[in-house]
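These are my notebook entries on a single protein model. I looked up the overall make-up, the confidence, the charged and aromatic pairs, and the strand pairing.

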Amino acid sequence: MNSNMEKPYVVGIDIGGTNTVFGIVDARGTIIASSSIKTSGYPTVEEYADEVCKSLLPLIIANGGVDKIRGIGIGAPNGNYYTGTIEFAPNLPWKGILPLAAMFEERLGIPTALTNDANAAAIGIGAPNGNYYTGTIEFAPNLPWKGILPLAAMFEERLGIPTA
């Protein structure tokens, strides 16, 4: 069995100043499950990461468990793709350099990539025609799952995984 069949899903997490939206996506771009939490209200980034994982884990378990997830793609304000950190984001309540990708990898045991939310948008609108990621942010800015698909694509692109 090839690895795409063994791990058929990726997770996308879209971190905004108000809300964080996350979901599980299959290779065809179908959103299998999604949810959201408020981004603010957590005194530390560690408490925030704990809450995202607490809310995301039941979705993962309901869809085959951690062993079915290839990876997590995170889009965040001031995200640094090369370090997996959020750096001095003005619209988030936590300041400084935040090693968010490492936090998710540590808590969930799933490889995680993080990028700037603008880069995630570019992936979403710049993918080849016929690819399910095209236009998910730019043409549907008010949909609650707008960031999930390009973030899943970003994770797959970083690992060199062919997309649908």
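**Entry 1. Surface and overall make-up**

I began with the surface: the protein exposes about 7700 Å², and carbon and sulfur atoms supply 55% of that area. I kept in mind throughout that the model is a predicted one. Of the 164 residues, 51% count as buried.

I then listed the secondary structure and found five helices and eight strands. Read from the N terminus, the elements run α-β-β-β-α-β-β-β-β-α-β-α-α. I also looked up how contacts are spread along the sequence. Among those between residues at least 6 apart, 61% join residues at least 24 apart.

**Entry 2. Confidence**

I checked the pLDDT before turning to individual side chains. Its mean over the protein is 78, and 70% of the residues reach 70 or more. Residues 126-146 have pLDDT below 50; I noted that this stretch nevertheless has 39 contacts in the model beyond near neighbours in sequence. Residues 159-164 are also below 50, with 10 contacts counted in the same way, beyond near neighbours in sequence.

**Entry 3. Salt bridge**

How many salt bridges does the count come to? I recorded one salt bridge. The partners are Asp50 and Arg107, whose closest N and O atoms are 2.6 Å apart. Asp50 belongs to helix α2 (residues 45-62) and Arg107 to helix α3 (residues 100-108), so the pair ties together parts that are 57 residues apart in sequence.

I next looked up the exposure of both partners. Asp50 has a relative accessible area of 41% and is partly exposed. Arg107 is likewise partly exposed, at 29% relative accessibility.

**Entry 4. Aromatic pairs**

A search of the whole structure gave me three aromatic pairs. In one of them, the ring centres of Tyr48 and Trp94 are 4.7 Å apart with the planes at 40°, so I entered the pair as tilted. Tyr48 sits in helix α2, while Trp94 sits in the loop between β6 (85-87) and β7 (97-98). The pair thus links distant parts of the chain, 46 residues apart.

Are these two rings on buried or exposed residues? Tyr48 is buried, at 1% relative accessibility, and Trp94 is buried too, at 6%.

I then turned to Tyr81 and Tyr82, which form an edge-to-face pair. Their centres are 5.4 Å apart, and the angle between the planes is 85°. Tyr81 is partly exposed, at 26% relative accessibility, whereas Tyr82 is exposed, with a relative accessible area of 75%.

Finally, I asked which residues the ring pairs link into a cluster. The members I noted are Tyr42, Tyr48 and Trp94.

**Entry 5. Strand pairing**

I traced an open sheet of three strands, ordered β5-β6-β7, with antiparallel pairing. Which strands stand at the edges? They are β5 (79-80) and β7; each has a single partner strand, so one side of each is left without a neighbour in the sheet.

I looked at the pairing of β6 with β7 in detail: two bridges join these antiparallel strands. Glu87 stands opposite Ile97 in β7.

**Entry 6. Recap**

I closed with the contacts that reach across the sequence. Helix α2 contributes Asp50 to the salt bridge with helix α3, and Tyr48 of helix α2 pairs with Trp94 in the loop between β6 and β7.

Definitions and conventions. Residues numbered from 1 in each chain as written. Predicted model: local features only at pLDDT ≥ 70, side-chain atom pairs only at ≥ 80, totals over all residues. Heavy atoms only, no water. Helix = DSSP H or I, 4+ residues; strand = E, 2+ residues; numbered from the N terminus. Buried < 20%, exposed > 50% of the residue type's maximum accessible area, 1.4 Å probe, protein only. Contact = heavy atoms within 4.5 Å. Areas by Shrake-Rupley, 256 points an atom, 1.4 Å probe, with all protein chains shown as cover. Salt bridge = Lys/Arg side-chain N within 4 Å of Asp/Glu carboxyl O. Phe/Tyr/Trp six-rings, centres within 6.5 Å; stacked < 30°, edge-to-face > 60°. pLDDT = per-residue confidence, 0-100. Pairing = 2+ DSSP bridges.
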